[in-house]
Amino acid sequence: MTMVHLDHVTLRAGTTTLVHDVSLEVAAGTWCTIIGPNGAGKTSLVAALAGLRTLSRGTVSIDEQRLDRLRERERARLVAYVPQHPEIPVGMSVLDYVALSRVAFHGALRAPSRRDRDVVAGVIERLELGDFRHRDGASLSGGERQRMVLARALAQATKVVVLDEPITGLDVRHQMDILELLKKEVEECALTVIATLHDLTLAGLFTDRLVLLHRGEVLHDGAAHDVIRSEELATSYGTRLQVVNVDGNDVVVPVRGATRA
Amino acid sequence: MFVVAVVTAGALVLAVVLGLVIGPTPISTPRILGDAFSHLGLGHSTLTSIQSSVVWQLRAPRMVLGLLAGAMLAVAGGTYQGVFRNPLADPYLLGVAAGAGLGATLAIVDVANAATIPTWTPLLAFAGAMVAVSLTWVIGGRSMRSTTATLVLAGVAVSALFTSAQTFLQQQSSAQSIASVYIWLLGSLANASWHSVLVVLPYVVGCVVVCVLAGRALDVMSVGDDEARSLGLSVRSVRLLVVAASSLGTAAIVSAVGLIGFVGIIVPHIVRLLVGTSYRRILPLSVLFGAAFLVLCDTLARTVMAPSELPLGVVTAIIGAPVFVLILSVRRMSTP
């Protein structure tokens, strides 16, 4: 079943085309990763996927509902969004931060219901944030902070979560932690995840499907195994890449002194 | 939180009592209370009719107008700080002050060699304030991806424009009217009457309610526009609503009492230091704290150098700044 459907999406900012005629269907309960060099349009595309950009052409639908026809609250119950640099308000506790996720349910004028509080408590428990519950979110380490942001997205209880570079700036262990958490949600709760990642090895390791974006257009789309080995990948990044197999896992290694035009 | 609320409520009661009791005509508290009860049909008043009108026609409306002005300016400042995510925001940010200043100047210099301030001054001040804020909104809010920064910058530009027009008008007018404009701009509760209370009351009540109810939305907006929208908040509508409410209420107050500085910026910060960063707490407490703070400052302003009065804006700054620094340093010591 198709959960996310992009139909000929074009996104412009002034005269610059950020995303050009991208069509994509993502099945429910799968993880699709968007890769591509800096400036390929990944961030614009995921913002559009979350319904946060006005499209120049085309439509984005989630669960067969066009995002541009929904009100903010309805949309927030379909798709959650984690930007590349989430803003963490100083002085807000982890609990309060995660609880922001429920505003689409209880509304901006009402207090959270019992169910809202239960959902938030459940996610905090699941992501092992219980000990930090009353800490100032801005005082957490990078890894803990990213887990808190992820908790907010999951507590929104949507079918789709869109994440822009969710592991940038984290050490290897915390990168693995975050990706494992997401993988678990995909496998156990049938969550549909669309994320952008820079680390091609990790992208191949966790993801069902890779979409290679280059200058705003889809250059290649397929199983991670194929996309990583494709000629298009090396071309779009403008550098030579070698794929080695370690214990059945593909590892993408850049090769020095072989920059391409 | 509870302690702060109780202390603030206590300060409010104290401010109300002092506002009624203190003045050049000495009238004791029990006699004022007795008179208040006699109006309710309980017991007999011991006040002469002159004393009674001193209390109920001079001090009471002044105190009530002070409560309204303090509450409105403080909650508007807190709301602006939230909606613009800028700690330096105050209620005059989007041009209310410059607009009201120009309106008042137009009213005052229009009367050749005016020694008195004409009665239509508040009306023109109010109109000027609303024109300035609307202009700011039109300029700053219409760009395709309008951010709060463009709105603040538009406010700066509009303020500059209105202030220069006001300066030009003043420069063309007599020394006498320049003095009148200056006195009006400094802000004072001295001309308070039940009439002015009734005029501003509906604005203040309506706008304060809107701002306080917006607390939860402002908390959501503290994560930034895109994220707040992804959480299901209609950021543009919330911003329009709370900016409109804060500006309208501020314009009403400014037209009645002139430009009282410092309350709008300092009170929300004091409250924030005491109860944390959630606007669900900051805004309602700013209403109480602002009301108490301004009436206490006004009581000082009219008694310290009696019979002449200190400008209210001067007193709010002299009292507010040290209080702020004190709380800041106490908080620093208590948090490692």
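Me: In this predicted model, what makes the crossing of H12(B) and H13(B) right-handed rather than left-handed?

Reply: The term right-handed is used when the near helix is turned clockwise from the far one by less than a right angle, and the crossing of H12(B) and H13(B) is assigned to that class. The two elements are helix H12, residues 263-275 of chain B, and helix H13, residues 279-303 of chain B, whose axes come within 9 Å of each other.

Me: Why are H12(B) and H13(B) called oblique to each other?

Reply: Their axes cross at roughly 125°, and this value has to be set against the limits of the neighbouring classes, since roughly perpendicular covers 65 to 115 degrees and roughly antiparallel begins over 145. The angle falls between those classes, and H12(B) and H13(B) are therefore oblique. On the side of H12(B) the contact is made by residues including B:Val263, B:Val267, B:Ile270 and B:Val271, while H13(B) contributes, among others, B:Ile282, B:Leu285, B:Phe289 and B:Phe293.

Me: How do you know what classes of residue make up the contact of H12(B) with H13(B)?

Reply: Counted by class, the contact has eleven nonpolar, two polar and two charged residues. The charged residues are B:Arg272 of H12(B) and B:Arg281 of H13(B), whereas B:Ser286 and B:Gly290 of H13(B) count as polar, Gly being placed in that class by convention.

Me: Why is H6(A) described as roughly parallel to H7(A)?

Reply: Helix H6, residues 142-155 of chain A, packs against H7(A) at an angle of about 15°, with the axes 10 Å apart. Angles under 35 degrees count as roughly parallel, and that makes H6(A) roughly parallel to H7(A). The crossing of this pair is right-handed. The contact involves, among others, A:Gln146, A:Arg147, A:Leu150 and A:Leu154 of H6(A), together with A:Asp177, A:Ile178, A:Leu181 and A:Glu185 of H7(A), and its residues divide into four nonpolar, four polar and three charged.

Me: Which helix gives the most to the side of domain 1 of chain A that touches domain 2 of chain A?

Reply: That helix is H7(A), with five residues. Domain 1 of chain A consists of two segments, 2-78 and 158-254, and domain 2 covers 87-156, with 25 Å between their centres. The contact takes 13 residues from domain 1 and ten residues from domain 2. Helix H2 (72-76) and H7 (172-189) of chain A each supply at least two residues of the domain 1 side, and the residues of that side divide into six nonpolar, three polar and four charged.

Me: What makes E2 and E5 of chain A edge strands?

Reply: Each of them pairs on one side only, which agrees with their places at the two ends of the order E2-E1-E4-E5 in an open sheet of four strands with antiparallel pairing. Inside that order, E1(A) is joined to E2(A) by eight bridges and to E4(A) by five bridges, and both pairings are antiparallel. A:Val4 stands opposite A:Val26 in E2(A) and opposite A:Ile62 in E4(A). In the hairpin of E1(A) and E2(A), which has two residues between the strands, A:Gly14 takes a positive phi near 65°.

Me: Why do E6 and E10 of chain A stand at the edges of their sheet?

Reply: Each has a single partner strand, so one side of each is left without a neighbour in the sheet. The sheet itself is open, has six strands in the order E6-E7-E8-E3-E9-E10, and is mixed in its pairing, with a twist that averages 15° from one strand to the next. One of its pairs, E7(A) with E8(A), is parallel over five bridges, and within that pair A:Leu163 has A:Ala195 as its bridge partner in E8(A). Helix H1(A) lies across E3, E7, E8 and E9 of chain A, running at about 155° to E8(A); H1(A) also lies across E1, E2 and E4 of chain A, at about 55° to E2(A).

Me: How many residues of chain B are in contact with chain A?

Reply: 18 residues of chain B are in contact with 21 residues of chain A, where contact requires C-beta atoms within 7 Å. On the chain B side, helices H9 (215-221) and H10 (225-230) each give two or more residues, and H10(B) gives the most, with four. That side divides into six nonpolar, eight polar and four charged residues.

Terms used:
Residues numbered from 1 in each chain as written. Chains lettered and ligands numbered in written order. Predicted model: local features only at pLDDT ≥ 70, side-chain atom pairs only at ≥ 80, totals over all residues. Axes fitted to C-alpha atoms, helices over the stretch in contact; angles between N-to-C directions. Contact = placed C-beta atoms within 7 Å. Domains from an automatic or database assignment. Pairing = 2+ DSSP bridges.
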